[in-house]
Amino acid sequence: MSLKTFANKSIRTLLLCITAAVVLAVAVPLAAEADTGRKKAVVLIVDNIALQDLSYGNLPNFRKTIDSGGVGLLNTRVQSYTERNRASAYLSIGMGVRTYLDTAEVAAKNGKPLGSLYEITVENAADLREIISRDFSNYVFGQIGETARQHGFRTAIVGNADTDREMRESTLLATDNKGKISCGNVDEDLLIKDEKAPWGHRTNPERLLADSVAAMENSDLIFIDFGDTARVYEAQQRLGLKGDAFREAKLRALTNADKFLGDLLREMDDSTVLAVISPTPPDGKGASALTPIIIYDKNTPVSGVLVSDTTKRIGLTANIDIGPTLFDRLISVESNPAFVGEGISAEADNDNLNTVSGSLSRFIHLNRSRYVVHGLYTFLLVYALAALFMPLTGRKVLFKPRAGRAGALMVLALPVVVFVVYSLVRDISAVRYYLDALLTILITAALGIVLSKSTDRTLAGMAALSLAAAVFLVTDLLTGYRYIINTPLGFDNVFMGGRYYGINNDCMGILLGSSVFALFYMLEKFKIGRYLRLVLVFTAFIPIILSQIPGNGSNVGGTIAAMSTAIIALLALVSHYPVKKRRLFLAVIFVFLLELFIAYLDYLFGGQTHAGKVMGALISEGFGSKFMEVLISKLTLFAITLALPPWNALFVVQLYIYYFVIRKQAAGSSQVREHFPLLFRAFEVILYGGIIAFLFNDTGLIATGLMFTYMTMPMGVLAVENDIFDVYTCRQKQRI
């Protein structure tokens, strides 16, 4: 090839590359502009309704959005456990974190005209900011509006829920930090007189629709407050509207809302996504605290059930998920990390409404069953403690030894029975509630009677039941927690909170206590060599710890408790009895620092679990104020749990029993310890592991109380068998 030919080909190639680069440089932005994934979001507020209301009367447009969209339950809880008001509900959504306002007053007005709409101002925004800065110093008033403003989006609010007083709390969803909303209308001209309606007026649907369409043309996030259902609820609460009059008023309001929804859908283009929410429940009790939520996308009409990583339960979302969903899912921008919740998505389900109704029935069933199971657990534990440790009083023993052994077995059998019975539940009905309770009682009693024939048989039965509980819990936690959360002992009260923190305190106490007792019993039984013991315990605790790390949704306290218990177990095997307190202290400090490091790595690289988010907030918002806020919140819940029976009393009683047996009855217990040295080390591990779980979890009292049962029950069986209380009893008689 000649030099000239080579040069010509090189020049042509270079020109072709330059041309291609120019075309791509122009084409890529055009393609990106044509398909940015950005969508407008409309949020229709139909307040104070329950899921069953969507099946109330003829509501074809609600049904359409459900059949071609995602439906779920919205947990409406605010920060307070006992109090709620409309302002707090709306503020919690608008800030993306559960909050509570002592005042329910929100003053919002139309401002400067903008065509057919107006600028909207929350007039007491300064007062609200002051409350937020005082009580929630690490969060921002108007987070949704502020995030929208930072991304160049416009927010709008249209609607009026006034009764005989202004009810314009819906503005808290759209306002920015300064109390400003780009455009909208919240004035009384959205209402028309109607003598049949509560308070003598109702929403003017034609005017509301016209202003909503205008808002959609000028804004990216549009909130529409229909208002009528809220007025009906207010009339029920304040005017005593009830019976047929209440039902008729509610049906009328829902029918009008449905007709408006149909008109709104016809005005929406394919790039707009609709969410229908009810920020406040019909009342604050039980199942009604979970209100319906619908997300409908005309461009991708698919029947589905809404899910969220906040709750990790089918059909259940949280009010703190609304903000992240609006930004992450709908208009495709990254939401502010100040949002505590997670984005809501949908899982395909052609029978979505029935699925969500079934989830609600299951939540009700488990909530009721939880009280039954805890009551039965408490009864059995009190009975077993009395039967086994009555000699502590120095009085006549009222129970035969086998009665005590049977009671102890029932205490440790109950968790396994509950896990199995409730995991097999398919039909959720009123009959099932009684059937599950009856089956649990009968199977637990049968295991206690059959396995309590002798002391050896009792201890072996306890170990087998403990091993079964531990294997069930670890396996389910590491494979997607499909069963545990659908049992009363694994169910957290979603009506109160709804947020998923991995293993709850009930199961954490059962897992740690059962694992330690089962492991050490087997080591005792099979006389395994010292080094092999260490290897087996270390290996066994790896999946236990993994099941309680932040990556599985667990909280920091659970991880600390699991890792500390594992280290104490290893120390107990290599140390002389008892384990030195200095080593225990150093072990806990090491675990705590390691957990902080893991949370930091999660913040940098992970999926932003709860631990990672807290670490991120500490780093980005200042360690001092954020740390104090988290600490005060945890200590408050810790104090509440500490004051509530029965686990506070059972915790103290079991702690005293350990102290009495080991310290006051040292002579008798030392003789038994010579025959069962590893079991007594297991009791020591459970004691210290339980205390750590108590100290590092805000509701750790429950975990520790349940964990201690795996210490006091076998200890009581050994005590009765070996008469280790004889010395104390004789002293009592001599004093008399």
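## Salt bridge exercises

Asp-211 has a relative accessible area of 3%, so it counts as buried (under 20% relative accessible area; exposed is over 50%, partly exposed in between, with a 1.4 Å probe and protein chains only). Before we start: this is a predicted model, where local features need pLDDT of at least 70, side-chain atom pairs count only at pLDDT 80 or more, and totals for chains, interfaces and linings use all residues. Residues are numbered from 1 along each chain as its sequence is written, and side-chain values use heavy atoms, leaving out hydrogens and water.

**Exercise 1.** Find the residue that forms a salt bridge with Asp-211, and work out how the pair sits in helix 7.

*Solution.*
- Step 1: Look for a side-chain nitrogen of Lys or Arg within 4 Å of a carboxyl oxygen of Asp or Glu, which is what a salt bridge is. Arg-207 fits, with the closest N and O atoms 3.1 Å apart.
- Step 2: Count along helix 7 (residues 205-218): the two are four residues apart, so about one helical turn separates Arg-207 from Asp-211. Helices here are DSSP runs (H or I, at least four residues), strands too (E, at least two), numbered from the N terminus.
- Step 3: Check Arg-207: at 26% relative accessibility, it's partly exposed.

**Exercise 2.** Describe where Glu-166 and Lys-109 lie.

*Solution.*
- Step 1: They form a salt bridge, with the closest N and O atoms 2.6 Å apart.
- Step 2: Glu-166 is in the loop between strand 5 (155-159) and helix 6 (171-174), while Lys-109 is in strand 3 (residues 108-114), so the pair ties together parts 57 residues apart in sequence.
- Step 3: Glu-166 is partly exposed at 29% relative accessibility, and Lys-109 is partly exposed at 32%.
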